[in-house]
Structures are given as C-alpha cells and as structure tokens.
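Please examine the structure shown here, beginning with one sheet and moving outward to the domains and the contact between chains.

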Amino acid sequence: MPVDMRTYLGHVELANPVVTAAGCAGSGSELAQFFDLGRIGAVTTRSITMAPRAGRPTPRMAETPSGLLNAVGLQGPGVDAFLARELPWLAQRNVRTVVSIGGGTVAEYTALARRLNDAPGVTAVEVNLSCPNIEDRGRVFARDGGASAEVIASVRAVMRYDVPVVAKLSPDTADIVSVARACVDGGADALSMINNPLGMSIDTETMLPALAAGTGGLSGPAIRPLAVRCVWQVRTALPGVPIIGMGGVLTGRDAFELILAGACVVAVGTALFHDPYACTRVLRELEELVAARGYQRLADVIGLAHRPPGAAARHRTDFEESSL
Amino acid sequence: MQVTGTVLTTRQVDAYHALTVVAPGIAERFRPGHFVAVAVGGSGTSMLTRRAFSIHDVKPDYGGTVEFVFAVNGPGTAWLAERRARDTLDLVGPLGRPFPLPRDPVTCVMVGDEYGSAVLFAVADALQRRGCRVDFVLGGASAGRVFGAMRARRMAETTTLTTEDGSLGMRGRVTDALPGVIADVRADAVYASGPMETLRGVTAVAVEFDIPVQAAVEERMACGIGVCMTCVLPVIGDDGITRMVRSCVEGPVFRGERVRFDDVGTIPFDALGAPGGGSRNAG
C-alpha cells in the first residue's frame, strides 16, 4: 500500500517531504538532466542577493571525513537575472520553488522580499540568516535572536500573505531554541535547520589553510547528529512550528531520523554532489521505510521520537490487528 | 548519466594508473574533451566528493568502454589505484564541453603536460579524420611522468618530448619547446591540457604567435555537474566581462586567451559581482 507522503509547509502543501537544500541544486537546470524536478517536494534555490556576486576565491572546497568544507561565498547572478531567467525556467516546469534570500542589512532582505513579491512561482521564501550583518561588525544575523527576528519581521511584513517565510537557523549560536523562538515571534511561518556550522582544515603539505577563505561551512554526514539535536530541541520547545530539517542526509534512513526528531520536510544537500539522483532515491527509501514501520501517512511519523518511552505509537495498522 | 560500470582492465603506465570501465551509455555519447566524475571509496565511504578525470579513450568492446588516467595523490586516487578487473565503479558522465574542432584541414599542435596528455589523443584522432596535420609536444618532470609518448610517435607527424630533469627528450618544459614546434610546422592552432601553470605558459606562447589555443583545465571539483560552485575560474566572456565560471559545465575546455590565468585563485577586482562593487556591479 502506498504511503501518503504529502506534507505541509505552513499552509502550503508539498507532494512529498524531500526538497533540495539551498546552494546545492545550482539553478535547477543542472539537476533536471538527471531527474524530473517535479517529482520532489520542492527545489530550494541558492541564496539570491540583490547584486551579482562573484563569491570567494578558490580553493573553495576541502573534503573532510564524512564531510565537506565549503566557502563559495554566495556566488550568484543577483536578483534581476534570477527573476529574468532562473525563476521563470522553474515556474514554466511547475517546479515548486523555495527561494532562498541573503543580504547584509535588514533593508537588503526587505528589498529582496519586495522584488519576489509579485514574481510568479515562489512557493516559499527561505531567509538565509547566516550572512554577515554589515551594520553589526560582520557578525552573522543567525547568532542573535534579536537581529534574526528583525530580518524575519521585515520580510514577513512585505511578503504576500500566502507565501510562507522560513527562517534558516545556524547551529553556531549559544541557544538555537531562543533564536528559533525569536524568529517565530517575528512572524516566521516555518524554520529550517541547520545551516553549515563553521569549520576549518589545514593542509599539512603546504602548511596553510585548505580553503582560500580560511574557514568554511561544514556539511555532510559529519554534521547529522548536530542537525538531529537542533531539530529535536526546537520541536520540543515549539511543537506547532513546521521544521525543514537538513544536515548530512544521504539516505532515506537519514531523512527518517530527522522526521522522527520533528522535521516535516527534509532537505538533501551535499549528497547531490555525490549522487545527482539523491533526492529521488532518498524519497523512495523513506517511503519504503515508513511503510515497513507499518504507517500509511508520513504525517503520522513526524516527531514520533518525542513520544514517552514505552508509549504505543499511534495509527500503526499492525497494532490494530493485534488488539483483537 | 550515471553508470555503475565494471572495471575491465587496470594498467600502470609508468607513474600513472589507467582504468578501463565498461560504461556503454558514456562511451556512446563521448566526444573528445569530455570527462567523467568517479565516486571513490565504495558504499558507505567517508569520501563524499567525486573525482573528475578526462576520458582518455573509448572503445566499442562490451557495448562501450571508457578509459581514464590518473596519478595517486590522496586517499581517493589511492583507492582507485587498488581497483581490479571485475570491481564496479560509479561514474557520472560524459561531462563538460568537448574540444571544438576546426572546419578546415589545418595544422594543430597538441601540448600535454604530465597525465594531462591523456585527453589529447582522442582529439588528435578526430582532427586527423578531418585531414588535419597533428604534431605533439609532451612533457613531464621526468621520463616516467611523460604520458603517451609511444602513441604520439605512432600518430603524429612529429613528436617533441621534454622533461625537467632531462631524462627523456629535451631538458625543460613543454612551453620551452613549443615556440620552435609552432614555427617549424607553421601551426594554425594549439590544443593543450595540463596543470594551470603549464596552460598559462602555453597560452602565452600561442598569443605570441597569434594562433588560437584550446585549453582543457584541471580544476578541483566536488560534483562535476555544475551544482557545487567550487571549480570556478575567471574567464572573459564574449561581452568582455570577466565572470567566475564553472570549469565543469562551462569548461573544462576554454579558449586559452579568455582565461585569466594570472588571476586564477583570486576574484579579479573587475569581475562581475566582485567584492567592493567594481564598476560592473549591477543593482
């Protein structure tokens, strides 16, 4: 029996819970050569900025055990080119699109939201809060609940009511729950976590940092336990808020782990560099896993790990049979 | 496309390794200059990025095989070097933009440094089929690191070899021998592959002679399919604007004179979207 994989991001229904992570799917067209983008829940774009950005110098990437350090520096074409070419390309193919936005000031985020407001094909807006705040000595917004909430509130204020605003949180903060709560109070319809924690690698041959930028974001299975912990804590504190979980998802099992922790949508990121078909494979494996546990609806397993120990899981068909 | 291919043969060529893999889907779409992105470490590996290798050769055996050449310089390539016949490999390909070929029968010099030479033989074949004259200049640090000298001698009008230690051919680098070869054969075009520094030198020579150069770059990649944005280098577009372009999808073959080799590893101040907002920053 097929599993009902539908899920909700705020009031927006997605056909299934597997989406791409921001910055891991190019402009969409690169992955479309491998699979039909319409088969996954949504495509998340790279973080769109007002002006075109050339990004960081190379080397931008270093492989670490079960992980990847990257310092791409939000290379992208800028919002004008995005609205002229990339978004229409996705919209024409009816691909659900979560647009990630990045800025250096609250005003820049607001201006981006205003530009996206009347663009067709925006399913949701994900606010990348891990950008340096130019007005606060370059400290990233996501470190601080107040700064994050200010950005979210201003984006929410200008964004059309039927487009959910998602706050993307970083684990590089003292208390992710308080940042999450501040974002929800600021008007976030959903939360996504986790952005890459900062890491560093030094090349012992050259005796210099492996990345030109010095530090970079760590992704891949190396950060999965960190992601599960963050989703778990935020779900415990804010059980009603939809969570997009991401961090080192390579298989359906990994996606299921984040869903059990409380995510209702799961993003696949670094896995796409290894396996261009990762999204469809994760979706298939997840569906098989949910079915194998005896469930017919994805909604019934979201946050299931939060039930008290020993408590019977609800809606299990095999339990109903055994109760006779 | 992604193919799980069976290793047909492995061979060691002096300092390098060559693997032939049965991959019909990749072989039939192959054009000279294409590359494959190979997953390393087997299932459950801790190595997440694919390794990119130019395709050296395709053959019609078993529906189609591809061969690629590599040097061991890390745990990923060390794992590849341990593969044996009948092992399986996960390949994505063929990837990248292939070498453009001239319409007319012209004279082409193929310049290969280290195992970068591997990609040139399929191009040379294609050029010869179009009636082009082909000459080779191959080099490496030492005799064992010059790849394909025998095959070059068999197919080319002339073959010039260089080694930095003088153990084979001329002492020096390919860029030292290249001006003489271009002048002798009255070359119309140069095809080059090798480390960035070599391509910079080759391009400078070709520019001196005012002939076009097609250079296949070797930039580190994580995905090979254009999504990871890590293999960028500054390239001047048709409109004169420098952009940070991906060597996997916009390359790996570029017109040498368009690549700002001196600025590789930096963001040139006048590149589109450079920090500090150069005059060309829109918005």
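Across which strands of chain B does helix 6 of chain B lie? In this predicted model, helix 6 (residues 196-209) of chain B lies across strand 7 (107-113), strand 11 (189-193) and strand 12 (213-216) of chain B. With respect to strand 12 of chain B, helix 6 of chain B runs at about 175°.

Those strands belong to a wider arrangement. Chain B contains an open sheet of seven strands in the order 10-9-8-7-11-12-15, and the pairing within this sheet is mixed. Strand 10 (170-171) and strand 15 (253-255) of chain B each have a single partner strand and stand at the edges, so one side of each is left without a neighbour in the sheet. At one of these edges, strand 10 of chain B pairs with strand 9 (residues 159-163) of chain B in the parallel sense, over two bridges. Within strand 10 of chain B, R171(B) is the residue that stands opposite T163(B).

The domain assignment places these elements in a broader frame. It divides chain B into domain 1 (2-95), domain 2 (107-216) and domain 3 (222-276). Between the C-alpha centres of domain 1 and domain 2 of chain B the separation is 24 Å. Their contact takes 12 residues from domain 1 of chain B and 11 residues from domain 2 of chain B. On the side of domain 1 of chain B that touches domain 2 of chain B, the elements giving two or more residues are strand 4 (51-59) and strand 5 (65-70) of chain B. Strand 4 of chain B gives the most to this side, with three residues. By class, this side of domain 1 of chain B has seven nonpolar, three polar and two charged residues.

The nonpolar interior can be considered next. The largest nonpolar core has 202 residues, of which V125(A), V127(A), L191(A), V231(A), V36(B) and V202(B) touch the most other members. Leaving aside residues up to four places away in sequence, V36(B) touches a set that includes I26(B), F53(B), I55(B), V66(B), F68(B) and L91(B).

Finally, consider the contact between the chains. Chain A contributes 35 residues to this contact and chain B contributes 30 residues. On the side of chain A that touches chain B, at least two residues each come from helix 1 (29-32), strand 5 (61-64), strand 6 (67-70), helix 2 (79-92) and helix 8 (271-274) of chain A. The residues of this side of chain A divide into 19 nonpolar, 11 polar and five charged.

Notes: Residues are numbered from 1 along each chain as its sequence is written. Chains are lettered from A and ligands numbered from 1 in the order in which they are written. This is a predicted model: local features need pLDDT of at least 70, side-chain atom pairs count only at pLDDT 80 or more; totals for chains, interfaces and linings use all residues. Two residues are in contact if their C-beta atoms, placed from the backbone, lie within 7 Å. Helices (H or I, at least four residues) and strands (E, at least two) are DSSP runs, numbered from the N terminus. Ala, Val, Leu, Ile, Met, Phe, Trp, Tyr, Cys and Pro count as nonpolar, Asp, Glu, Lys and Arg as charged, and the others, Gly among them, as polar. Two strands pair if DSSP finds at least two bridges between them. Axes are lines fitted to C-alpha atoms, for helices over the stretch in contact, and angles run from 0 to 180 degrees between N-to-C directions. A nonpolar core is a set of buried Ala, Val, Leu, Ile, Met, Phe, Trp, Tyr and Cys residues joined through C-beta atoms within 7 Å. A residue is buried if 20 or more other C-beta atoms lie within 10 Å of its own, exposed if 12 or fewer, and partly exposed in between; C-beta atoms are placed from the backbone. Domain bounds come from an automatic or database domain assignment.
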